[in-house]
Structures are given as structure tokens and as C-alpha cells.
Amino acid sequence: MIVGSTVPSTIYIGGQFRTIYLTSQGEIYLDIIGQQQQASFIVAINQINDKTDGIYDDLLPNTKIEFAVDWGQNLLNSPYPNLYFDGSMGSFYIHNGLPDVSLVVTTTPYETNVALSEIFIGWDVPVMTCNSTRTEFSHGLNYPLSLRMPAAESFDAVALASLIYNYYKWEKVSIFYTTDIYGDDCYHEFTKYGNMYGMEYLSIHAFPTSTTDFRSTVNKINEVGSTIFVLLMDLSF
């Protein structure tokens with residue numbers, strides 16, 4: 001990892017992009033979005049390296065970025081240890097037990113992001129995810145070196161708390177949330193801001209995603225007289 005105030009003359013970055021994908025029927029298709037993301041990554045680095053084109057010439061003026069790109073389906077389909085990128089744009093490997101990159105940038109699906117983060121955390125190498133909104137990556141203890149550009153899914157709960165209290169002026173609510181990572185994180189975010197606003201929680205109901213019978217929950221709602229219900233649940237529920 002790059003530390004301190006001195007920027008080296010050369011920085012090595014790895015890129016992981018899904019440019020093809022395999023269907024459940026065994027058919028292979030081009031991933032157009034993944035190809036565009038890979039192309040954007042390469043163009044951005046080339047523009048940073050080119051100090052004569054007038055585009056970000058003052059960004060890392062004395063540094064050249066070397067990069068390697070893995071352009072396959074995804075990391076999980078690569079046989080270990082060849083998952084350390086060996087693509088047509090270059091390669092980086094493990095040297096003396098350490099990877100020769102300072103950062104890995106990825107736009108791959110969630111499962112691949114998890115694998116990359118867990119692999120490179122052992123070498124103190126950050127992984128930048130450009131499209132993952134899963135709340136797990138906000139857990140500093142599990143993913144201390146995970147970086148990302150979009151907000152976490154749990155930010156939905158922050159926006160919802162503000163909308164309910166500041167726009168609709170509702171102060172009393174009942175909360176329903178699933179006991180998975182998404183539901184738990186959203187619950188904690190919502191109640192953190194709800195407490196700050198001074199909301200009153202008439203009832204709070206937590207249940208696993210496998211729940212199918214809500215009769216007891218409905219009875220409790222009737223008892224407290226709730227009219228505003230906050231649902232913090234995974235989309236699969």
C-alpha cells in the first residue's frame with residue numbers, strides 16, 4: 001500500500017472487469033457494460049499518464065501508472081493461483097509472497113468483490129469497487145481496506161427517516177426489518193437518525209427472511225394502533 005506523503009515515480013494498479021458471462025445453459029455472451037467500464041479505466045489511466053494532452057496534466061505530475069487488467073468472466077471462475085491477473089493488457093503476480101500492485105479497481109459483481117477484498121486484505125492492498133452498494137463493505141472490521149464510489153444500500157434508511165420526519169411530519173412509526181445484513185444495517189441507520197429527530201417507535205418487529213406467517217405481528221400492530229409502517233427488508237423478501 002502507498003503510505004506517507006511521497007508519491008512514487010511508478011504506481012502499479014490492477015483492474016478486474018467482467019467482459020463476458022456464462023449463462024446457466026452454458027452460453028457465453030459479451031458483457032457490453034463490463035467492456036465499456038474496462039475501456040474507461042484504460043482511457044483514464046492513459047490520460048493521467050499523458051502530461052501533454054491538457055487533461056488532468058496536474059494530477060500525479062511526476063508519476064506514471066502501470067496497470068494490468070483481468071478481462072475474464074469473474075475472479076471466482078479463475079483457477080487458483082492464476083487469479084492474479086494475467087490478461088492481454090499486462091499481468092501482475094505474487095512476488096516474494098506479496099502482490100506487486102498498490103490498488104485493485106473492480107466493477108465486477110458482488111461475489112467477486114467479496115473474494116477480491118478477502119484475498120488482498122492479507123497483503124494490505126485496498127480494493128476499490130465502483131458499483132457495489134452492499135452494506136457489508138461498510139463494516140470496517142471485516143473489510144477495512146474496501147473502498148467504493150456509491151453509497152451503501154443502508155443509506156436508503158437515512159433518506160427514509162428524513163423523508164418521514166422532515167417532509168411528512170410523521171413522528172410515530174412501527175418498524176419491520178429482516179434479520180439479514182441489509183435489514184440489520186438499515187434498522188440501525190434508521191433508528192440512529194430517528195432518535196436524533198425524536199421519533200417514537202410504537203413497535204419494532206424483526207424476523208428472518210424465511211418468515212411466512214405474520215398473524216402475531218398483525219395482532220401487535222392492532223394493539224398499538226400504528227398507521228405508519230417502515231419496511232426495511234431485502235428485495236428478495
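## The largest pocket

Helix 1 is the top contributor to the lining of the largest pocket, giving 6 residues. The model you are looking at is a predicted one, so please read everything below in that light. The space in this pocket comes to about 300 Å³. Its lining is made of 17 residues, and those closest to the centre are Ile-13, Ile-45, Ile-48, Ile-65 and Leu-103.

Which elements give two or more residues to that lining? They are strand 1 (10-16), helix 1 (32-49) and strand 9 (103-106). As general background, rolling a probe the size of a water molecule over the atoms shows where empty space is left.

## The chain as a whole

Stepping back from the pocket, the chain holds 5 helices and 14 strands. It has 237 residues, and buried ones make up 38% of them.

Contacts can also be sorted by separation along the sequence. Taking those between residues at least 6 apart, 58% join residues at least 24 apart.

## A three-stranded sheet

Let us turn to one sheet. Here 3 strands come together as an open sheet, in the order 13-12-14, with parallel pairing. Strand 13 (200-207) and strand 14 (229-232) are at the edges; each has a single partner strand, so one side of each has no neighbour in the sheet. On average, neighbouring strands of this sheet are turned by 15° against each other, with direction ignored. In general, strands of a sheet pair through backbone hydrogen bonds, either parallel or antiparallel.

Strand 12 (residues 172-178) runs parallel to strand 13, and 7 bridges join the two. If you would like a spot to look for in this pairing, find Ser-174, which stands opposite Ser-203 in strand 13. Helix 4 (residues 181-197) packs on the sheet and touches strand 12, strand 13 and strand 14. The direction of helix 4 makes about 160° with that of strand 12.

## Cysteines

How many disulfides are there when cysteine sulfur atoms must lie within 2.5 Å of each other? The count comes to 0. For reference, a disulfide is a covalent bond between the sulfur atoms of two cysteines.

Is Cys-186 buried or exposed? Cys-186 has a relative accessibility of 0%, and it counts as buried because that value is under 20%. Cys-130 has a relative accessible area of 26%, so it falls in the partly exposed class. Cys-186 lies within the residue range of helix 4 (residues 181-197), the helix that packs on the sheet described above.

Note on methods:
Residues are numbered from 1 along each chain as its sequence is written. This is a predicted model: local features need pLDDT of at least 70, side-chain atom pairs count only at pLDDT 80 or more; totals for chains, interfaces and linings use all residues. Side-chain values use heavy atoms; hydrogens and water are left out. Two strands pair if DSSP finds at least two bridges between them. Helices (H or I, at least four residues) and strands (E, at least two) are DSSP runs, numbered from the N terminus. Axes are lines fitted to C-alpha atoms, for helices over the stretch in contact, and angles run from 0 to 180 degrees between N-to-C directions. Contact means heavy atoms within 4.5 Å. A disulfide is a pair of cysteine sulfur atoms within 2.5 Å. Buried means under 20% relative accessible area, exposed over 50%, partly exposed in between (1.4 Å probe, protein chains only). On a 1 Å grid over the protein atoms alone, a cavity is a set of points where a 1.4 Å probe fits but cannot get out, and a pocket is an open set with protein on both sides within 12 Å along at least five of seven lines; lining residues have an atom within 4 Å of a point. Grid points are joined across faces, edges and corners, and a volume is the space filled by probe spheres set on the points.
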